[in-house]
Amino acid sequence: MEKNFATPMFQYTPLLGPRNIRVLVLQPALRASDPICCSFQQTSLDEDATSRSPYEAVSYVWGAPSGTKRVLVDGQTAFVTPNCEEALLQLRRMFKPRNLWVDALCIDQSSVAEKNQQVPMMADIYRCAVGTILWLGPDSDPELSGVLGRAARYGGAVQQLRRTFRSIRPDTSYWSSQRHSTIYILNDTENARIHRLCQDRWFSRIWTVQEFLVSKTAVFRMGGVECPAISLSSYYHMGGSIVSRTDLEHYTLRNSLLDFRLDREETFYEFLHLVIKLCALNDATDARDKVYGIFSYLTSQFPDFDLPPVDYQKPLHEVYELFTRAVIARTNSLWVVGLINPAPEDTSGEPHPIPSWVLDLRDPMVVGSDWDSRHTSDWSRGYYVKRPEQTVFKEPNRLNVPGQLRVRARKIGKVAQTTGRMPSWGAGPGQKATQEEMDLARTACLSEWTALCIDLDMREQDRREQTRLEQEQDLAVRRLVAEQQGSRIESWVLNTPTVPLPESSQSPYQNTMEHITKELKYLRLRHEPIVVNEDAISLDSLSLRGLPKEKAIEKALKKKREAKKQAEKGPDTFDGSPEVHDGCLLFATADGHLAQSQGNVRKGDGVYLVEGSTFPMVLRRVRRGKEYTVVGKARMFKTPSEKTSDELDSSALGDDPKARDVILV
């Protein structure tokens with residue numbers, strides 16, 4: 001592109017203070033064809049709102065890495081991207097100047113030092129604005145601008161109803177979220193239009209996340225059509241078939257943070273997990289912005305969160321490592337390491353630049369589920385490792401070696417068998433798996449998991465049978481020796497009967513798997529025949545006891561038919577519990593423990609208790625002595641012969657003689 005113009009190139013003057021920003025004064029124009037003319041004035045974010053120059057912030061997508069469209073700033077030439085030019089043309093008034101904050105112009109993009117100074121202030125810049133314009137581009141598609149218009153009308157009506165209800169009943173929180181205050185009334189055609197609208201690039205860019213969340217008032221604009229952001233959210237939730245779409249998770253997560261209540265320490269982890277997922281799901285031209293793009297928002301929510309300074313001179317792997325260390329220090333635990341699902345190993349032999357214990361936010365699939373927040377106390381039933389009430393990662397000086405993390409760990413198992421991985425809904429825009437496709441894929445994986453458990457049950461039965469035979473042989477030998485020697489042995493020793501296992505214990509591994517995958521029970525019910533065990537009628541439930549046999553059987557069959565009919569419908573639209581198994585595989589250890597992990601587990605990996613981690617971790621030893629890579633966290637269950645007293649405790653590794661220091665790389 002030719003950039004030679006009669007006017008000279010605009011030269012930025014330094015900001016007058018560390019909290020100063022430039023405000024763009026967009027000059028009016030009578031005709032759309034008139035060139036864009038503007039000027040700058042400086043204001044301080046520390047000034048009182050009454051004395052600070054009022055301005056509107058513009059949130060938009062650059063669309064191109066550098067500017068190609070000419071604008072005039074104080075009579076000099078500057079360049080902006082085509083999308084920015086369209087926004088300025090649409091926002092320009094005919095007779096009155098308009099004060100705007102537009103990052104491409106208000107920040108000197110050629111100055112790394114200025115970007116390092118301004119980026120941490122982003123949340124304050126958008127919070128201090130009188131309003132934020134969420135620019136979606138020109139009105140080039142009447143269907144999409146029509147969606148915005150209807151969302152403003154009908155979504156706004158729902159918001160007014162919510163406000164009225166809360167004013168009448170402030171004592172109830174029923175209408176405090178979109179999920180519980182919406183009736184599904186939109187047809188599939190309108191849902192498809194909303195889906196197309198929410199696929200706009202604005203909804204998948206990392207910088208727009210905090211720009212949306214911290215704004216006083218946020219209004220979407222497409223050409224000349226406007227719609228408050230909260231009204232679009234209400235309208236979106238009127239579409240029953242669209243709210244559960246995984247390819248729109250990047251949109252639903254943004255709105256969920258608006259309703260998030262940080263009233264307990266536990267919710268901090270849930271909140272931070274949502275933020276980390278958003279960082280991974282959303283795109284950035286510079287991958288470092290997946291961290292820097294939410295720094296200002298995090299510090300605004302948690303002033304005590306000691307995040308590293310923004311520095312665009314640091315390489316990507318160092319930026320991600322410093323962020324992971326900051327989360328470890330803030331939580332005083334290895335919770336964040338437990339979120340990592342390391343990508344498959346690079347077979348090229350080249351070392352991976354990002355350590356395995358560091359969050360790699362470039363790939364959404366690397367960020368796994370937060371088992372700590374998604375699992376209730378019932379999940380811990382059957383755990384081989386006792387979940388500590390509090391996990392503490394001691395000795396913060398361990399955090400100082402670049403690329404390494406020294407932890408205290410104890411090996412508790414070795415992977416012997418693995419299965420296929422439960423399919424995942426996927427992450428990010430473009431994932432279009434339907435509920436039916438997911439159910440079929442989950443059923444296939446569940447069958448493979450069941451096959452592993454059947455194999456383990458058969459081995460367990462063989463082991464028990466072998467033990468029984470050995471006991472009988474031992475008793476026979478004792479009797480024979482006693483008869484030959486004429487000695488007397490207590491009758492209870494000679495005649496110890498072999499007590500048969502109850503029916504429910506004949507398949508302990510299958511029972512364990514059914515318990516840990518109870519969220520997928522609806523899939524098992526779909527394939528179970530509708531039959532009734534007549535001998536078990538009296539034990540089925542209190543409602544069947546005392547009934548004549550025929551009526552009890554008829555009632556039990558009716559109950560099973562209703563359960564199967566309900567199973568065919570699948571889980572509720574908002575029931576995300578089956579997703580807790582997404583991306584997981586089932587594996588067995590050499591000593592007979594059943595376990596589940598989201599990592600790339602393979603035969604020979606070790607399972608360790610790790611200081612500061614709620615769950616055990618699967619680690620893989622590298623060639624250099626004590627160095628290990630993180631494969632993923634694991635949920636490990638007792639063997640059929642173990643009791644509650646056999647549980648291991650990860651909170652006591654400091655004094656455990658079997659524990660040792662290992663280095664995560």
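**Exercise 1.** Which strand gives the largest share of the positive patch?

The structure is a predicted model, in which local features need pLDDT of at least 70 and side-chain atom pairs count only at pLDDT 80 or more, while totals for chains, interfaces and linings use all residues. Residues are numbered from 1 along each chain as its sequence is written, and side-chain values use heavy atoms, with hydrogens and water left out.

*Solution.*
- Step 1. Patches take residues with over 30% relative accessible area and no salt bridge, joining like charges within 9 Å and nonpolar side chains (Val, Leu, Ile, Met, Phe, Trp, Tyr) within 5 Å.
- Step 2. Arg 406, Lys 411, Lys 414, Lys 603, Arg 621, Lys 626 and Arg 660 make up the positive surface patch.
- Step 3. Strand S11 (residues 405-421) supplies three residues, the largest share.
- Step 4. Lys 414 is in strand S11; this residue counts as partly exposed because its relative accessibility is 43% (partly exposed lies between buried, under 20%, and exposed, over 50%, with a 1.4 Å probe and protein chains only).

**Exercise 2.** State the surroundings of Glu 519.

*Solution.*
- Step 1. Glu 519 sits in the loop between helix H17 (508-516) and helix H18 (521-527).
- Step 2. Glu 519 is buried but has no salt bridge (a side-chain nitrogen of Lys or Arg within 4 Å of a carboxyl oxygen of Asp or Glu).
- Step 3. The nearest side chain of opposite charge is Lys 518, 4.1 Å away.
- Step 4. The side chain of His 581 makes a polar contact with that of Glu 519, at 2.9 Å (a pair of N or O atoms within 3.5 Å; within protein, one must be able to donate a hydrogen and the other to accept it, and residues adjacent in sequence count only if both atoms are side-chain atoms).

Conventions:
Accessible areas come from the Shrake-Rupley method with a 1.4 Å probe; for residues, only the protein chains shown count as cover. Lys and Arg count as positive and Asp and Glu as negative; His and the chain ends are not counted. The place of a charge is taken as NZ of Lys, CZ of Arg, CG of Asp or CD of Glu. Helices (H or I, at least four residues) and strands (E, at least two) are DSSP runs, numbered from the N terminus.
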